[in-house]
Amino acid sequence: MSSEVSTRRDAKKLVRSPSGLRMVPEHRAFGSPFGLEEPQWVPDKECRRCMQCDAKFDFLTRKHHCRRCGKCFCDKCCSQKVPLRRMCFVDPVRQCAECALVSHKEAEFYDKQLKVLLSGATFLVTFGNSETSETMICRLSNNQRYLFLDGDSHYEIEIAHISSVQILTEGFPPGEKDTHAYTSLLGSQPVFEGSNTRATGMFLQYTVPGMEGVTQLKLTAAEDANVGRRQAVAWLVAMHKAAKLLYESRDQ
């Protein structure tokens, strides 16, 4: 990838919306696939009462709109100002209690898991039905739109074109004897949290523009280096979080 194209992908601009200042991609096409669009606010004329506690709005009880869901609340029910990174807000913004809880949980992804994905990790990579694997470094691009795989060759997979993600795990979960399992990221919780299982690899299915059908890719954490393996497992856990955000963005 040329430096000019890379710079264009990562360029950002500061814009002001009714909800606050946002640092957004200069070109909309290069926005993060994990991002959310700002919601349409419920019109003031339709907000006579708080949509949480049913308090009537008047001169003393003012109405506020949650920046995440767009619904109308009183100050008591919409008093928290929480970072909302998925909408690219520069400063923390006002959110209702339910949305604030979700945004707090997402902040962990941006503060921890995203850094792991950007740093990358080393895997044995198998393309399609090939019987051979190649050692490659897999990392997320700075604009969060691509997975880069670098080894003897270079590959780019656009995140938006990923159709299926599965984590390969091994171990002995409480009450079970099976040592291997394929776990879909569409589940509510990763099976390797709170159990004796660990992530060992990942399957990706994705489409390639101009090509028919679905392409499959397998990442396997190497067994030989403890430090490298820990880094790979951390990357897989982070990718689990990222996939959940990705599917939520598509369902918006």
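In this predicted model, strand S1 (residues 12–17) and strand S2 (residues 20–25) run antiparallel and are joined by 6 bridges. The connection from S1 to S2 is a hairpin of 2 residues. For a landmark within this pairing, Arg16 can be picked out, as its bridge partner in S2 is Leu21.

Stepping back to the whole protein chain, the model contains 3 helices and 14 strands. The chain has 252 residues, and 40% of them are buried. Its accessible surface amounts to about 14,600 Å², with carbon and sulfur atoms accounting for 50% of that area. Turning to contacts between residues at least 6 apart in sequence, 49% of these link residues at least 24 apart.

The interior is best introduced through its largest nonpolar core, which has 35 residues. Phe123, Leu147, Ile162, Met202, Leu219 and Trp235 are the members with the most contacts inside this core. At least two core residues come from each of several elements, namely helix H2 (97–119), strand S7 (121–127), strand S8 (134–140), strand S9 (146–150), strand S11 (162–170), strand S13 (198–206), strand S14 (215–221) and helix H3 (226–250). Of these, H3 gives the most, contributing 10 residues. Another core lies apart from this one; it has 11 residues, including Phe57, Cys66, Cys74 and Cys77.

Leu147 offers a helpful close-up of the surroundings of one core residue. Setting aside residues up to four places away in sequence, Leu147 touches Cys138, Arg139 and Leu140, together with Tyr155, Glu156, Ile157, Ile159 and Ile162. Farther along the sequence, the list of residues touching Leu147 is completed by Leu204, Trp235 and Met239.

A second close-up concerns Met136, a residue of strand S8. Met136 counts as buried because its relative accessibility is 1%, where the cut-off for a buried residue is under 20%. Along the chain, Met136 and Leu124 are 12 residues apart, and their C-alpha atoms are separated by 6.3 Å. Beyond its neighbours within four places in sequence, Met136 is in contact with Ala121, Thr122, Phe123, Val125 and Phe127. The remaining contacts of Met136 are with Leu149, Asp150, Gly151, Ser153 and Tyr155. Tyr155 thus appears in both close-ups, being in contact with Met136 and also touching Leu147.

Technical notes
Residues numbered from 1 in each chain as written. Predicted model: local features only at pLDDT ≥ 70, side-chain atom pairs only at ≥ 80, totals over all residues. Heavy atoms only, no water. Pairing = 2+ DSSP bridges. Helix = DSSP H or I, 4+ residues; strand = E, 2+ residues; numbered from the N terminus. Buried < 20%, exposed > 50% of the residue type's maximum accessible area, 1.4 Å probe, protein only. Contact = heavy atoms within 4.5 Å. Areas by Shrake-Rupley, 256 points an atom, 1.4 Å probe, with all protein chains shown as cover. Core = buried A, V, L, I, M, F, W, Y, C linked by side-chain atoms within 4.5 Å.
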